[in-house]
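Subject: Structure handover

Hello,

Please find the structure below. My notes on it come after.

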Amino acid sequence: MKYIEHVRQGKHGKTAQFWIEYGDKIWLLCTFLCATKENNIDLHISCLEEMCPIYFVMDHLNHAKYLSVYYMSLLNLPVTHPGADDFLSKGGHDVSWSNVPGSRNG
């Protein structure tokens with residue numbers, strides 16, 4: 001872990017720092033997909049929070065704008081739609097197109 005932190009700080013060069021950051025972004029996407037497939041709404045929301053700045057930095061403004069709105073609406077769900085957060089946490093987030101558990105979409 002100390003080595004990875006040194007790489008993150010740029011002590012082993014820009015190339016190593018780039019690949020650590022790249023791996024972090026891939027891990028974030030894999031975590032997001034896993035959260036969606038496993039119907040883990042809390043992890044889904046926390047991944048969205050980390051993904052919003054990435055879209056702004058990459059100049060995907062439409063994605064960034066609507067992802068931010070989606071994220072904020074999920075955060076405010078207990079206030080705007082009482083009970084909907086319980087519904088989502090109990091399986092209301094998944095849509096199953098087949099009997100294969102790995103082929104679900106959120």
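The notes go from the whole chain to single residues.

The model is a predicted one. Its protein chain has six helices and two strands. Read from the N terminus, the order of the elements is α-α-α-α-α-α-β-β, with the helices ahead of the strands.

On burial and surface: the protein chain has 106 residues, and 22% of them count as buried. The exposed surface of the chain comes to about 7800 Å², and 64% of that is supplied by carbon and sulfur atoms. As for contacts in the chain between residues at least 6 apart in sequence, 33% join residues at least 24 apart.

One part of the surface is a nonpolar patch of about 530 Å². The residues that make this patch are F18, W19, Y22, I26 and L29. Of these, I looked at Y22, which sits in helix α2, residues 14-37. Y22 has a relative accessibility of 43%, and it counts as partly exposed because that value falls between the cut-offs of 20% for buried and 50% for exposed.

The other residue I looked at is L75, in helix α4, which covers residues 61-75. The relative accessible area of L75 is 40%, so L75 is partly exposed. L75 is 29 residues away from S46 in sequence; in space, the C-alpha atoms of L75 and S46 are 9.9 Å apart.

Regards

How values were computed. Residues are numbered from 1 along each chain as its sequence is written. This is a predicted model: local features need pLDDT of at least 70, side-chain atom pairs count only at pLDDT 80 or more; totals for chains, interfaces and linings use all residues. Side-chain values use heavy atoms; hydrogens and water are left out. Helices (H or I, at least four residues) and strands (E, at least two) are DSSP runs, numbered from the N terminus. Buried means under 20% relative accessible area, exposed over 50%, partly exposed in between (1.4 Å probe, protein chains only). Contact means heavy atoms within 4.5 Å. Accessible areas come from the Shrake-Rupley method with a 1.4 Å probe; for residues, only the protein chains shown count as cover. Patches are made of residues with over 30% relative accessible area and no salt bridge: like charges are joined within 9 Å, nonpolar side chains (Val, Leu, Ile, Met, Phe, Trp, Tyr) within 5 Å. A salt bridge is a side-chain nitrogen of Lys or Arg within 4 Å of a carboxyl oxygen of Asp or Glu.
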